[in-house]
Amino acid sequence: MTRVALIFGGVSTEHDISCKSADNVVSALDGRFELVLVGITRDGRWLRYAGDPAELTGSWEGHDCTPVALLPGSGLVELAEGGAARPLAVDVALPVLHGQGGEDGTVQGALEVAGVPYVGCGVMASAVCMDKDASHRLAAAAGVRSPRCEVLWRGCSPEECAAAVAACGGYPVFVKPARGGSSIGVSRVADEAAYAGALDAAFALDEKVAVEEAITGVEVGCAIVGDAVRGTWMGEPDEIVVSGDGFFRIHLEKDPGANTELRCPAQLPDDVLARVRAAGTAVYEALGCEGLARVDLFVTPEGEVVFNEVNSMPGLTYYSRFPQMMRVAGHELGDVLESLVAERLA
């Protein structure tokens, strides 16, 4: 049976979300592969977890764990007491990691150096998708309108901060960690009084911050898969209806999606959906994505499609958008992942 290293956890602020994604992936795959569970702790230790997979969303790292490492040219190895290393044979890795230190190309690069094939976007695409400034530039070059976006670096002057807002057309703007995931550290800023606090929150997570034009419109998403058989294809686009604080925060962990209604398929005219699909595909291909990704876009009241961001490893929890969009199109998550593993080993 094919041995798949399911890598989860990680050092980012999305550690818990990754564990929830891994828990759902275990259920979705339902014995199709021999899973080798490799968890990354919040402080960066890699551990093989041999306990009950049902505990992935709890304190899994406290028991049934053996230290593991990636060695250049040697793949995954287990580290026994005394420092001796023994091979940990796997056929392919499935890194279900979100945010910095996992979704940004770092783990993908380590897997390549170690000679371990993996499912999902490669090093370049992972890094570019994580960086909102770089991804906006490439999407715009591919002909997909992107919000005006200015970059600020930690330690920037008040004049530079003010100029960034002006370059985006004035308030309101979004302030985001440029290389962060989900809505963590993201603020919608309506005036100067809230701007400094929003910058502090974003700079606490990344030395590079993106200040973006606020686009008025409906947020939509495309769950996209690229494979050698069908090329680039996708599930049913979804649509987000937001209430409460005014922008999408799916990972409110105590009550996921509490301020939103997810509609799948999106309730948009056919011609608009066609433009959404075309823009999603154009972005996926322009950024060099492989395997699975989720491209998020806006549709303005005038029907214009505007790029938002790409998740090169989208959330795969029970409530995440990617699995739902695939399911509505007739593709269960387990089937999608199984086909991607098989293609990676072909």
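## Strand pairing and the β12–β13 hairpin

Two strands are treated as paired if DSSP finds at least two bridges between them. In this predicted model, strand β12, covering residues 218-227, and strand β13, covering residues 231-234, run antiparallel and are joined by four bridges. Within this pairing, D227 stands opposite G231 of β13, and the two strands form a hairpin that has three residues between them.

## The seven-stranded sheet

An open sheet is built from seven strands in the order β6-β5-β4-β3-β2-β1-β7, and its pairing is mixed. The edges are taken by β6 (85-87) and β7 (92-95), each of which has a single partner strand, so that one side of each is left without a neighbour in the sheet. From one strand to the next, the twist averages 35°.

Inside this arrangement, strand β1 (residues 3-9) runs parallel to strand β2 (residues 34-40), and seven bridges join the two; one position in this pairing is V4, whose bridge partner in β2 is L35. Helix α1, formed by residues 15-29, packs on the sheet and touches β1, β2 and β7, with a direction that makes about 150° with that of β1.

## The second largest pocket

The second largest pocket holds about 240 Å³ of space. Its lining comprises 16 residues, and those that lie nearest the centre of the pocket are Y118, V119, G120, E290 and R344. Sorted by class, the lining has seven nonpolar, four polar and five charged residues.

As for the elements that contribute, β12, which is also a member of the hairpin with β13, and α9 (333-345) each supply at least two residues of this lining. Helix α9 gives the most, with three residues.

## The surroundings of R154

Which loop holds R154? The residue is found between β8 (149-153) and α5 (158-167). When residues up to four places away in sequence are not counted, R154 touches F203, D206 and E207. For F203, a specific polar approach can be given, in that the backbone oxygen of F203 lies 2.5 Å from a polar atom of the side chain of R154; a polar contact requires a pair of N or O atoms within 3.5 Å.

A further separation places R154 relative to another part of the chain: the C-alpha atoms of R154 and Y284, which are 130 residues apart along the chain, are separated by 30 Å.

Technical notes. Residues are numbered from 1 along each chain as its sequence is written. This is a predicted model: local features need pLDDT of at least 70, side-chain atom pairs count only at pLDDT 80 or more; totals for chains, interfaces and linings use all residues. Side-chain values use heavy atoms; hydrogens and water are left out. On a 1 Å grid over the protein atoms alone, a cavity is a set of points where a 1.4 Å probe fits but cannot get out, and a pocket is an open set with protein on both sides within 12 Å along at least five of seven lines; lining residues have an atom within 4 Å of a point. Grid points are joined across faces, edges and corners, and a volume is the space filled by probe spheres set on the points. Ala, Val, Leu, Ile, Met, Phe, Trp, Tyr, Cys and Pro count as nonpolar, Asp, Glu, Lys and Arg as charged, and the others, Gly among them, as polar. Contact means heavy atoms within 4.5 Å. A polar contact is a pair of N or O atoms within 3.5 Å; within protein, one must be able to donate a hydrogen and the other to accept it, and residues adjacent in sequence count only if both atoms are side-chain atoms. Axes are lines fitted to C-alpha atoms, for helices over the stretch in contact, and angles run from 0 to 180 degrees between N-to-C directions.
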